[in-house]
Amino acid sequence: MANAIDFIASVYNTLANAFNMGGSPPPNIFLQMAWPGIPINSDDLKNNSGQYDKLLAEELFTSLANIAPTLSKSKFENSAYYIDDLYDIILSSARPNGIPDTDLGTNPMFKLFADAQYEFGQYVRGSNVDPLEIYHPCKATPTNWYDETAAAFWTKVTIESNKIKPVDLTDKSSPFIRSNGLKLIEGGLIKMKSPNAIIEPIKSRMNNIITSNKLAVANKYNTKIYTTTPSLFQLNTEKVFKELDTPMANKTYEMLNNKFKEKLLTANTLTKIKRPIPINSFVKNEKLIKNVKIQDINSDQLLIKPNIYSAKNSIFLNDLLIKDLPTQNSIGADSFGISFNFCRVNIDRPWLNLALLSMPGWNIYGGTQGQYSTGTAENNPGIFPMLTTSFVLISNVNITANWSVTDKENLASAVSFGPFDIRNSTFNQNKLEIKGIQLIGCFSRLTPVLAPESAPA
């Protein structure tokens, strides 16, 4: 009979085939599973009257869409970098090849980057929760993606136990095998709560980040090169920073009008300042970590309580709370079956000009070819290798199986089972019912070679 690994593979393949990612998928687009899924708390999206607030939904969606994922064909993982930060730095650092600084002001390509920087600056909104936070809004289609009532009408999938086949490691037609999905399962399927699940993330684990950040800041002007696969918790952030001579307008408080646009172009041509890659996210996260209080956390579900922090900060902290929890394998369970509703939500970033980034003939000032991305799915150490294009949301999940006694005990005190977040679930006999909406995966595409050329020596 099919075991838990066969079950996960079947779910992945079903979703991939539903979106035409089965037989001959595009070579630059991948279905990445969230591991575990990211729950969408409806309380975070409602105003004081208990009604859905479109602006709160926009901010949460933007915070999810703004995550720059790590390079993986099968797993959606937060790299701790944000797409708008990276895009901003690239725009302000871009230089046409072979053009001296004295001629930049009249160069057509340079004007395109200056125009993009101007447009980017217009798409700024203040957070609805934290007045110190800003975001560049992303648009969702469908727009009511967060409405649990509408979720009842999403496409329904039912996979009976007799339809789940054993995993064939030689079957390259399987999207799960082709994307190396087995690596998702290596660390265990069931993520367990630990006795110190509250204290440890806020104290011990976060000290690792604080130590890394201090070391990174201390060394950022001494670091000339870096090689890293970005990770939220690895102690290698001291290598992430590199000096870049990048320009910045002197009077950022002026209105974004044509006059400012001209000054921006002039400042881009003449003024240069030292600017790291990108330190703001790390510094803000360190300050956030120091201010987290135990009472801000729902100890039963290991979730940040609603409306305590901005959407971006809540996502970061919720991920941190469960990221390093111990895992267990599923032991002895078989005869899996599942039913759920799903919806693909497309992401539109009106402030991001991907066609501009795909142009040849430019470099990142002081940088090397492919420094941010080599444009490939293999051996790509850049910090901006992938761009999410859509999310896969699920709701009304019901998983049945002949669970073993060990699995039943583990699930009773677990936060996730494979890609499914089960903190808001009930277990009755052999049926695991998961309430609410969660983000179970996303489609991400490779970014082009960034930058396409190396800067002059």
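## Lys139 and its partner

Let's start with Lys139. In this predicted model, Lys139 is partly exposed, because its relative accessible area is 35%, which lies between the cut-offs of 20% for buried and 50% for exposed. Its side chain does not stand alone: Lys139 and Glu58 form a salt bridge, and their closest N and O atoms are 3.1 Å apart. This pair joins distant parts of the chain, with Glu58 in helix H2 and Lys139 in strand E8 (residues 139–141), 81 residues apart.

Why can such a pair form? Side chains of opposite charge can pair when their charged atoms come close.

## Glu58 and a second partner

Now look at Glu58 from the other side. Which residue besides Lys139 should you look for in the network around Glu58? Arg125 belongs there too, and salt bridges link Glu58, Arg125 and Lys139 in a network. Between Glu58 and Arg125, the N to O distance is 2.4 Å. Here too, distant parts of the chain are brought together: Glu58 sits in helix H2 (residues 54–65) and Arg125 in strand E6 (residues 125–126), 67 residues apart.

Is Glu58 buried or exposed? Glu58 counts as buried because its relative accessibility is 11%, and the cut-off for buried is under 20%. Arg125, on the other hand, is partly exposed, at 34% relative accessible area.

## Another salt bridge

Further along the chain, Arg423 and Asp421 also form a salt bridge, with their closest N and O atoms 2.5 Å apart. Arg423 counts as buried, at 10% relative accessibility, and Asp421 is buried as well, with a relative accessible area of 4%. How many salt bridges are there by this rule? The count comes to seven.

## Helix H2 meets helix H11

Let's return to H2, the helix that holds Glu58. Two packed helices are described by the angle between their axes and the distance between the axes. H2 packs with helix H11 (residues 311–323) at an angle of about 50 degrees, and their axes are 8 Å apart. The two helices are therefore oblique to each other, since angles from 35 to 65 degrees fall outside the roughly parallel and roughly perpendicular ranges. The crossing of H2 and H11 is right-handed.

Which residues of H2 and H11 meet? On the H2 side you will find Glu59, Leu60, Ser63 and Leu64, and on the H11 side Ala311, Lys312 and Ile315. Sorted by class, this contact of H2 with H11 has four nonpolar residues, one polar residue and two charged residues.

Methods. Residues are numbered from 1 along each chain as its sequence is written. This is a predicted model: local features need pLDDT of at least 70, side-chain atom pairs count only at pLDDT 80 or more; totals for chains, interfaces and linings use all residues. Side-chain values use heavy atoms; hydrogens and water are left out. A salt bridge is a side-chain nitrogen of Lys or Arg within 4 Å of a carboxyl oxygen of Asp or Glu. Helices (H or I, at least four residues) and strands (E, at least two) are DSSP runs, numbered from the N terminus. Buried means under 20% relative accessible area, exposed over 50%, partly exposed in between (1.4 Å probe, protein chains only). Axes are lines fitted to C-alpha atoms, for helices over the stretch in contact, and angles run from 0 to 180 degrees between N-to-C directions. Angles under 35 degrees count as roughly parallel, over 145 as roughly antiparallel, 65 to 115 as roughly perpendicular and the rest as oblique. A crossing is left-handed if the near helix is turned anticlockwise from the far one by less than a right angle, and right-handed if clockwise. Contact means heavy atoms within 4.5 Å. Ala, Val, Leu, Ile, Met, Phe, Trp, Tyr, Cys and Pro count as nonpolar, Asp, Glu, Lys and Arg as charged, and the others, Gly among them, as polar.
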